[in-house]
Amino acid sequence: TGLFTYDPGFTSTGSCESKITYIDGDAGVLRHRGYAIEDLAENCDFLEVAHLLLRGELPNAAERDTFESTITHHTMVHEQLTRFYQGFRRDAHPMAIMCGVVGALSAFYHDSLDINDPHHRMVSQHRLIAKMPTIAAWAYKYSTGQPFMYPKNNLSYAENFLHMMFATPCDEYKVNPVLAKAMDRILILHADHEQNASTSTVRLAGSSGANPFACIAAGIASLWGPAHGGANEAVLKMLSEIGHKDRIPEFIKRAKDKNDSFRLMGFGHRVYKNYDPRAKIMSQTCKEVLDELGVHDEPLLQIAMELERIALEDEYFVEKKLYPNVDFYSGIIFRAMGIPVSMFTCLFALARTTGWIAQWGEMIEDPHQKIGRPRQLFTGVAERKFVALADRP
Ligand code: CMC
C-alpha cells in the first residue's frame, strides 16, 4: 500500500521486542530467558519458572522460598467473589466463568490502576499468578455444586490446585506426588510462548494503559478458541469421535479435504514447522501418568499414537510440516487425572497467566511501547450521497 503492509494474521509482523521467550520453529526449539524448555521441565518447579519469566533469572534457594511465600500470601480471592460465581448458570463453560471472574478482579484492586508504579505492577503480577488456581478450581466446583475449597498454603502450587479441585469438606484429597509432579510439568510447558494470539491480546489491551486484571481477562477470551488453547478440549472430543483406530484414515482424509472444514486438532502450528518440543515432553509425561494410574490400554492414547504415526507418514502433513503440538497429548493426561474436558483450557489459562503478565510487565517497561493500533485495507464503498429516511427505497 505504500503506507503500511497488509498482513492478515500478522504472519510477518513483529509487534514488540521481547527478552522472555525464544522459539526457533524450524528446529523445534523453545527457550525461556535462554534456558531450554526440556531442562526447565525436567529440573524446575512451576514457581521457579514463573520467577524466571517475571524477573529474568532462576531464583536461588532463598529467593525461591521468598517467592513462594509471596505467592501463597495472595492465593485467596475476596470473599465477595464467591457471590459473583453464584450469578452464573451452573452449566456455564468454566472458561466463561474465568473470563468474568478475572475481569471482575479489576474492580477489587484499584491500586493496580497505577501501572506506572513498579511496586503496584509487581503486586498485580503476584496476585494474578496466586489466584488463578483458586479461580479455576472454583469454576469447576461451582459446576458440580460442591462447596468451594480454600487454598492450603502448605501445599505446592500444583498440589494446591489439585486439592481445590478434588478435596471436599468431608474428604481430604490425598495428592498423588506423581500426578502433582506431572501437573507441575504441564504448567511449565504452558507457561509462555512469545507473541501468540492470547499474549498479543494481553499486550494490545494493556497498551492503552488498561487495568492488568482486565487485560488478562481479554487474554483468556482469546485463548478459548479451538485454534488456540481450546484445541486441548477439541483434541479429546476428536479422539472420542474417532473412537477406534480403524476410523483414523477416514478422519485423515477429511483433514486433507479442502471442502471439509475439519482439521486434525492438536496438529500444526504457526511457528513450529517441526515437532513442537512441548509435545515431546507431553507425550512422555502422558505415558508416565498412565503408568502411575495403572491405565495400560487407554483407548484414546492408542488412537492418538496411531493417528500421529499415520499423519507423520502422510504426504499432506509432511509437505505442510504439520506436527503434533502441545495440545495433542495434554487432554489425555488431564482426563486420566479426573479433570473434566471443559476444564482443560482453564488449565492452559492458569499456566499461561504467568507468561501473559510477564509480557505485560515487559511491555509497560518498554520505552518504545505505544498503543497498539493496526491499520486496515478499506474495501467498502468509498463515498455515497446521503438519502433521507423517507426517500430510502
Ligand atoms: N489439519 C489439517 N490441515 C491443516 C492443519 C490441521 N490441523 N493445520 C494447518 N493445516 C493446513 C491448512 O489447511 C493450510 O493448508 P493450505 O496451505 O493448503 O491452505 C496449511 O496447513 C497452513 O495452515 P494455516 O491455517 O494457514 O496455518 P496457521 O499458521 O494460520 O494456523 C493453526 C496454525 C495452529 C491455527 C493450525 O495449524 C490449526 O488450526 N491447527 C489445529 C488447531 C490446533 O491444534 N491449535 C493449537 C495450536 S498450538 C497451541 C496453542 O496455540 O494453543
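Which residues does H269 touch, not counting residues up to four places away in sequence? The legends below take that up, along with a small sheet. This is a predicted model, where local features need pLDDT of at least 70, side-chain atom pairs count only at pLDDT 80 or more, and totals for chains, interfaces and linings use all residues. Residues are numbered from 1 along each chain as its sequence is written.

**View A. H269 and its contacts.** Leaving out residues up to four places away in sequence, H269 touches D276 and N325 (contact means C-beta atoms, placed from the backbone, within 7 Å). H269 sits in the loop between helix 12 (248–256) and helix 13 (277–292); helices are DSSP runs of H or I with at least four residues, strands are runs of E with at least two, and both are numbered from the N terminus. With 22 C-beta neighbours inside 10 Å, H269 counts as buried (20 or more other C-beta atoms within 10 Å; 12 or fewer is exposed, in between is partly exposed).

**View B. The "active site" pair.** An unreviewed UniProt entry lists H269 and D327 under this name; such annotations may be inferred rather than shown by experiment. They span 59 residues in sequence, but their C-alpha atoms are no more than 10.6 Å apart, so they gather at one spot. D327 lies in helix 16 (residues 327–337) and is buried, with 29 other C-beta atoms within 10 Å. Beyond four places in sequence, D327 touches A231, N232, V235 and G266.

**View C. A three-stranded open sheet.** The strands run in the order 1-2-3 with antiparallel pairing (a pair needs at least two DSSP bridges). Strand 1 (21–24) and strand 3 (35–36) are the edges, each pairing on one side only. Four bridges join strand 1 to strand 2 (residues 29–32), and T21 has H32 as its bridge partner in strand 2.

Definitions and conventions
Contact = placed C-beta atoms within 7 Å.
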